[in-house]
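The following paragraphs lead through a protein model, taking a few residues and elements in turn. Please keep the sequence and the coordinates at hand while reading.

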Amino acid sequence: ENDFSFMIRVRLPAGYCTAEQWLAMDDTCQRYANGTLKITTRQTWQFHGVVKRDVKPLMRAINRACMDTLAACGDVCRNVMCTSNPSVCSRKLMNEIVAHTYAIHDHCLPRTGAYHEIFIMHGEEMAEKTQILGSTPLEEEPLYGKTYLPRKFKVAVAIPPCNDVDVFAHCCGFIAIIENDKLLGFNVSVGGGLGFTHNNQKTHPRLAEVIGFCEPKDAKYVCEAVMTVQRDFGDRTNRKHARLKYCVEDYGAEFFREQVEERLGKRLEPARPYKFESRSDLYGWVKTDDGLWHCGCLVPIGRVKDNWRTGLAKIAELLKGGGGFRMTCNQQVLVTDVPEGKKAAVQKLLDEYSIAHTPETTVSGMRRNMVACVALPTCPLAFAEAERYLPTLVGRLEG
């Protein structure tokens, strides 16, 4: 039998995890993967180098940490992202917008029980899972139907003035409209995506278009409507032309908006004014209005290994019972919810393990913003080096 290895991606809406969950994933990557965590540009983790016999044990370890991998891959609504910089709004507003991010994500999840049946359930209860002739009840997917979506569906929630999530590069985007420290609702964008296939002129990058405004309580239903329009009108004959951006391109934004409004049962309001001023991550310490501290840290190309892994695990131990972490869309990590009494201890660990977290220690803008796909040795699509060589290349350019 071939010695296969697998990549497993965690579902982590808004990129948030508790200190206890970080420790659980740190232990899991050592037990069942290659001893590293990979922070992705979709605010979550990947485990690499998982051998076949360890796939189910790893999935169950994730489940024991109150997380899962459901809808982290496939032709479904993927991990919903949200602006991570805590300084863009009040803590109350951030919590409210993150709650809407969770609501959008949970509402658009597949309802199938196959995930738990295959990966999570084990022991005596599995003996009861038997099919006798045609008596097993037929499962139905209320949103995805029998055929799911033509292609993956990506969603992001942005909080102006920060566009760290690159909201216009997503199938569906929600831009928070805030006035006098109150969330009025979201501008809705559709039809973004930067992918294309070389030498195929039918494929191309496309920026999303804003089609209207919705109230906060309607956000998850608007996302459902956008997703089902793609389900019914997306190109199922050519996967390279199947993303939602091509559906908007082929039918037009006006047609798409009309379809969304028909499914929603109400009209979208005119888009409200907003302004984006940055898309970079926070580095260093910032204090929010609830008295808690947050520190943005550089994790080169998102690979948590060596001193980064050791140092962040010790910080997680220190913050158990209250603190947490947020992954960013630029493959970095934010240490969050640090009480005043623990800030000095966290700072000491950052210094001890040389975890860069200030403009001075992150060396250069090039190093702060370098991004690479995994490439060799784990990606079957790779022709060359990327992640492993990029730090060396950047070092030469800096010199």
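Does Lys-314 count as buried, partly exposed or exposed, and what is its relative accessibility? The model under discussion is a predicted one, and in it Lys-314 has a relative accessibility of 40%. Because buried requires a value under 20% and exposed one over 50%, Lys-314 counts as partly exposed. This lysine belongs to helix 8, which comprises residues 306–319. Once residues up to four places away in sequence are set aside, Lys-314 touches Leu-349 and Tyr-353. As a reference for distance across the model, the C-alpha atom of Lys-314 is separated by 29 Å from that of Thr-101, and these two residues are 213 residues apart along the chain.

A second lysine, Lys-38, presents another environment. Lys-38 lies in strand 3 and is buried, its relative accessible area being 2%. What does the side chain of Lys-38 make a polar contact with? The partner is the side chain of Glu-387, at 3.2 Å. Glu-387 also appears among the residues in contact with Lys-38 when neighbours within four places in sequence are left aside. That list further includes Thr-44, Trp-45, Gln-46 and His-48, as well as Ile-301, Gly-302, Arg-303, Gln-331, Ala-372 and Val-374.

From strand 3 (37–39) the reader may proceed to the loop between this strand and strand 4 (45–51), where Thr-40 is placed. Thr-40 has 9% relative accessibility and therefore counts as buried. Apart from neighbours within four places in sequence, Thr-40 is in contact with Trp-45, Gln-46, Thr-328 and Gln-331. Trp-45, Gln-46 and Gln-331 are likewise among the contacts of Lys-38.

Helix 5 may be considered next. This helix covers residues 219–233, 15 residues in total, and reaches 21 Å from its first C-alpha to its last. That span is close to the 21 Å expected at 1.5 Å a residue. Which residues of helix 5 are buried? They are Ala-219, Val-222, Cys-223, Ala-225, Val-226, Met-227, Thr-228, Val-229 and Gln-230.

The final stop is at the surface. Here Met-366, Tyr-389, Leu-393 and Leu-397 make a nonpolar patch of about 360 Å². One of these residues, Leu-397, is found in helix 11, residues 390–398. Why does Leu-397 count as exposed? Its relative accessibility is 55%, and the cut-off for exposed is over 50%.

Technical notes
Residues are numbered from 1 along each chain as its sequence is written. This is a predicted model: local features need pLDDT of at least 70, side-chain atom pairs count only at pLDDT 80 or more; totals for chains, interfaces and linings use all residues. Side-chain values use heavy atoms; hydrogens and water are left out. Patches are made of residues with over 30% relative accessible area and no salt bridge: like charges are joined within 9 Å, nonpolar side chains (Val, Leu, Ile, Met, Phe, Trp, Tyr) within 5 Å. Accessible areas come from the Shrake-Rupley method with a 1.4 Å probe; for residues, only the protein chains shown count as cover. A salt bridge is a side-chain nitrogen of Lys or Arg within 4 Å of a carboxyl oxygen of Asp or Glu. Helices (H or I, at least four residues) and strands (E, at least two) are DSSP runs, numbered from the N terminus. Buried means under 20% relative accessible area, exposed over 50%, partly exposed in between (1.4 Å probe, protein chains only). Contact means heavy atoms within 4.5 Å. A polar contact is a pair of N or O atoms within 3.5 Å; within protein, one must be able to donate a hydrogen and the other to accept it, and residues adjacent in sequence count only if both atoms are side-chain atoms. The expected span of a helix is 1.5 Å times one less than its number of residues.
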